[in-house]
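Subject: Structure handover

Hi,

Here is the structure I promised to pass on. My notes on pockets, surface and fold come right after it.

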Amino acid sequence: MWKVGALVVRVKGALTLTQLKFLLVGGASFIVDILLFLYLSQVLYWPIFHARLMAFCVALLLTWMGNRLFTFSHRKRRPIGTQVLMAALLACCAASVNLSVFYLLSELREPSGLTAPVYLALGVLSGLVVNWLGSNLLVFRH
């Protein structure tokens, strides 16, 4: 258990409070996204694309609200409609980068049982960087 505590201390030292809040909001939204998707597609038998679209939209709004009220609450606020639109456009850009990195890595070398999760993680990480930069510098700028 002490190793987990040491890891938390190291991460806290490497990230700002705003970055930690951003990761917390994103992680919570991801959990809602996947659970809602599974519920809609597996329990309510929605078509998979409709379930994915609905879960994405709910997660997007949750992420925007969490970042507006928690992560970047200390910053000047834009009008809600403008900020939601900017957040949606940013999410689409980040998703495009995420999928593009995964696709390009897959084209360079066929995904296997070992490399597929690495490609996925690198795609997610690249999308996270785009999301952080866009949120910090554009959507919720000072």
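One definition before the findings. A patch is made of residues with over 30% relative accessible area and no salt bridge, and nonpolar side chains are joined into one within 5 Å. Please also keep in mind that this is a predicted model.

**Surface patch**

With that rule, one nonpolar patch of about 740 Å² comes out. Its members are L23, V118, L122, L125, L128, V129, L133, L137 and L138. Which helix gives the largest share? That is α5, with eight residues.

Take L133 as a worked case. L133 sits in helix α5. Its relative accessible area is 42%, so L133 counts as partly exposed. The patch rule asks for over 30%, so L133 at 42% clears that cut-off.

**Overall fold**

The chain has five helices and zero strands. Along the sequence the pattern reads α-α-α-α-α. Its C-alpha atoms fill a box of roughly 45 × 40 × 30 Å along the principal axes. The chain has 142 residues, and 25% of them count as buried.

**Largest pocket**

How big is the volume of the largest pocket? It comes to about 1200 Å³. The lining of this pocket has 33 residues. Nearest its centre lie F30, D33, R52, N98 and N131. Four helices each give two or more residues to that lining: α2 (17–43), α3 (48–71), α4 (80–108) and α5 (115–139). So far as residue type goes, the lining splits into 22 nonpolar, nine polar and two charged. Helix α5 therefore turns up in two places, in this pocket lining and in the nonpolar patch.

**Cavity**

How many cavities of 30 Å³ or more does a search of the whole structure find? The search finds one. The volume of the largest cavity is about 30 Å³. Its lining consists of R68, F72, R75, K76, R77, Q83 and F140. By type, that is two nonpolar, one polar and four charged.

**For your set-up**

If you want a place to begin, here are the two site lists again in brief. For the pocket, the residues nearest the centre are F30, D33, R52, N98 and N131. For the patch, α5 gives eight residues, and L133 is one of the patch members.

Best wishes

Key:
Residues numbered from 1 in each chain as written. Predicted model: local features only at pLDDT ≥ 70, side-chain atom pairs only at ≥ 80, totals over all residues. Heavy atoms only, no water. 1 Å grid on protein atoms, 1.4 Å probe; cavity = no way out; pocket = protein on both sides within 12 Å on 5 of 7 lines; lining within 4 Å. Points joined across faces, edges and corners; volume = space filled by probe spheres on them. Nonpolar A, V, L, I, M, F, W, Y, C, P; charged D, E, K, R; others polar. Patch = residues over 30% accessible without salt bridge, like charges linked within 9 Å, V, L, I, M, F, W, Y side chains within 5 Å. Areas by Shrake-Rupley, 256 points an atom, 1.4 Å probe, with all protein chains shown as cover. Salt bridge = Lys/Arg side-chain N within 4 Å of Asp/Glu carboxyl O. Buried < 20%, exposed > 50% of the residue type's maximum accessible area, 1.4 Å probe, protein only.
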